[in-house]
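This report describes selected features of one protein model. Please look over the sequence and the structure before reading on.

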Amino acid sequence: HDSDGLAMWTGAGERIWRPLNNPPRISISSFLDDNPRGFGLSQRDRNFDHYLDGVKYEKRPTAWVEPRGDWGRGSVQLVEIPTDDEIHDNICAMWVPETPHGAGSHIELAYRLHWLADEPYRSGLGRCVATRLGNGGQPGQQRPQGVRKFMVEFLGGPLAQLPHGRLPEAVLSASRGSFSYVFTEAVPDDVPGHWRAQFDLTVEGKEPVDLRCYLRDGDTVLTETWLYQYHPTPLA
């Protein structure tokens, strides 16, 4: 467990957090961008009790790529390879230029690598701190097939300054499927600025679903953008 997710700072200024999966098959995700400001595989969870392992996963560094100069158009590509053993390094991320470069061509890219406990340039926005999945539907009722419940937690930034009684809005989108039971609430742990968005996703078939969520207050963006690739599986 060297990383929790892929962090990206786009050329347009958007901050993105993509939690990592151990997918059922090799998965390659492409995130289009123009002159990215930075990206990296990040280890955010530093709590030893979440690992209880002598190889110190909670101390593994974040690796951040800071582009220098004009990188142009292309994509950050995330490769996730299924594994059943922690010894296998099954995740990698890279920049792929939009223009193909074959034999006889060349490309010049300048960059700086940061090896830190955190991303080097914090946004000041609320950060995604947990992604939780469960069976959809409501307590005390039969759980419907093809419905998955998501709970995405955000912490800090302007969330801590929300006036009492004001609820942030969850802005959601999906490559397919439909949402229901969408709401936000403060996590009941008395930690200022700790909020969660909860929603059910109804989807048919086994093809992956790309999800997107962030919190806002009116026209003000409060958090980074959570991206997630959901692989539908039979409910327990």
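The sections below treat a sheet, its aromatic pairs and a surface patch in turn.

## A four-stranded open sheet

In this predicted model, four strands come together as an open sheet with the order β9-β10-β13-β12, and their pairing is antiparallel. The edge positions are taken by β9 (127-135) and β12 (178-186), each of which has a single partner strand, so that one side of each remains without a neighbour in the sheet. On average, and with direction ignored, neighbouring strands of this sheet are turned by 15° against each other.

Strand β10, covering residues 147-155, runs antiparallel to strand β13, covering residues 194-202, and the two are joined by nine bridges. One position in this pairing can be named: M151 has Q198 in β13 as its bridge partner. As a general point, strands of a sheet pair through backbone hydrogen bonds, in either a parallel or an antiparallel manner.

## Aromatic pairs

A pair of aromatic rings is described by two quantities, the distance of the centres and the angle of the planes. With rings counted as paired when their centres lie within 6.5 Å, the count comes to 10 aromatic pairs. Among them is the pair of Y51 and Y57, whose ring centres are 6.2 Å apart and whose planes stand at 45°, so this pair is tilted. Y51 and Y57 are both buried.

The pair of F150 and F199 has ring centres 5.3 Å apart and planes at 10°, so it is stacked. Because F150 belongs to strand β10 and F199 to strand β13, this pair ties together parts that are 49 residues apart in sequence. F150 is buried, its relative accessible area being 1%, and F199 likewise counts as buried, at 1% relative accessibility. F150 and F199 also belong to a cluster linked by ring pairs, in which F179, W226, Y228 and Y230 take part as well.

## A nonpolar surface patch

On the surface, a nonpolar patch is formed by I107, L109, Y111, L113 and W115, which together have about 540 Å² of accessible area. Of these residues, I107 lies in the loop between β7 (91-97) and β8 (110-116). The relative accessible area of I107 is 41%; because the range for partly exposed residues lies between the limits of 20% and 50%, I107 is classed as partly exposed.

Note on methods:
Residues numbered from 1 in each chain as written. Predicted model: local features only at pLDDT ≥ 70, side-chain atom pairs only at ≥ 80, totals over all residues. Heavy atoms only, no water. Patch = residues over 30% accessible without salt bridge, like charges linked within 9 Å, V, L, I, M, F, W, Y side chains within 5 Å. Areas by Shrake-Rupley, 256 points an atom, 1.4 Å probe, with all protein chains shown as cover. Salt bridge = Lys/Arg side-chain N within 4 Å of Asp/Glu carboxyl O. Buried < 20%, exposed > 50% of the residue type's maximum accessible area, 1.4 Å probe, protein only. Pairing = 2+ DSSP bridges. Axes fitted to C-alpha atoms, helices over the stretch in contact; angles between N-to-C directions. Phe/Tyr/Trp six-rings, centres within 6.5 Å; stacked < 30°, edge-to-face > 60°.
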